[in-house]
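Please read the points below with the structure open beside them. They take up the sheet, the helices and two backbone details in turn.

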Amino acid sequence: MAEFCYFRSMISRFTLVVGMVCTMLALSFTEPEAKPMLIIFTGSDWCANCRYLEKMVLRDSVFVHFASENTNLIIADFPQQNKQPDEIITRNDSLAFLYNKDGVYPKLVLIQGEKATLIPYHRQRSPELIDELRKQLSQ
């Protein structure tokens, strides 16, 4: 039984490494003219501020329109109860390894070329967050 657990652990680590390599390659081959990426790290079923972010920002049609026009939006969700497909778990773990090693939720990261910028989130509503993103996108 111990050998099986060790083998399974090794496969999980290998899958995470492969996922991280694929994610890094995908990020490194983005075209210079490509839209910036906005990664939102969230814990949808356990984090109170993440639920607030979803309710007040991510469900707002103005924010959704702004984000889709100006960024490639990626939601990296880390639920504790809800199940996710293995490929989503691997992608999210890879993104967290690169941009959220400290495990802060919610966390918003704007990636423009080689530059990753933390977008502070303090329970802002959609208009305030859009203003902050506009400011960062114009730099």
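Which residue of β2 is the bridge partner of Leu38?

1. The bridge partner of Leu38 in β2 is Leu73, in what is a predicted model throughout. The pair belongs to a wider register, since strand β1, which covers residues 37-42, is joined to β2 by six bridges, and the two strands run parallel.

2. Taken as a whole, the sheet is open and has four strands, in the order β2-β1-β3-β4, and its pairing is mixed. Its edges are formed by β2, at residues 72-77, and β4, at residues 115-119, each of which pairs on one side only. From one strand to the next, the twist averages 20°.

3. As for what lies against these strands, helix α4, spanning residues 86-99, lies across β1, β2, β3 (107-112) and β4. The direction of α4 is at about 100° to that of β2, and this counts as roughly perpendicular because the range for that term is 65 to 115 degrees.

4. A separate helix pair deserves inspection: the axes of α3 (residues 61-70) and α5 (residues 126-137) come within 10 Å and cross at roughly 15°. Angles under 35 degrees count as roughly parallel, and α3 is therefore roughly parallel to α5. The crossing of α3 and α5 is left-handed.

5. On the α3 side, the contact is made by Val62, Phe63, Phe66 and Asn70, while α5 contributes Ser126, Leu129, Ile130, Leu133, Arg134 and Leu137. By residue class, the contact of α3 with α5 comprises seven nonpolar residues, two polar ones and one charged one.

6. Two backbone details should be checked against the general expectation that most residues other than glycine have a negative phi and that most peptide bonds are trans. The peptide bond from Tyr105 to Pro106 is cis, with omega near -10°, and Pro106 is located in the loop between α4 and β3.

7. The second detail concerns Arg123, which has a positive phi of about 60° although it is not a glycine. Arg123 sits in the loop between β4 and α5. Is Arg123 buried, partly exposed or exposed? With a relative accessible area of 40%, Arg123 is partly exposed, because that term covers values between the 20% limit for buried and the 50% limit for exposed.

How values were computed: Residues are numbered from 1 along each chain as its sequence is written. This is a predicted model: local features need pLDDT of at least 70, side-chain atom pairs count only at pLDDT 80 or more; totals for chains, interfaces and linings use all residues. Side-chain values use heavy atoms; hydrogens and water are left out. Axes are lines fitted to C-alpha atoms, for helices over the stretch in contact, and angles run from 0 to 180 degrees between N-to-C directions. Angles under 35 degrees count as roughly parallel, over 145 as roughly antiparallel, 65 to 115 as roughly perpendicular and the rest as oblique. A crossing is left-handed if the near helix is turned anticlockwise from the far one by less than a right angle, and right-handed if clockwise. Contact means heavy atoms within 4.5 Å. Ala, Val, Leu, Ile, Met, Phe, Trp, Tyr, Cys and Pro count as nonpolar, Asp, Glu, Lys and Arg as charged, and the others, Gly among them, as polar. Two strands pair if DSSP finds at least two bridges between them. Buried means under 20% relative accessible area, exposed over 50%, partly exposed in between (1.4 Å probe, protein chains only).
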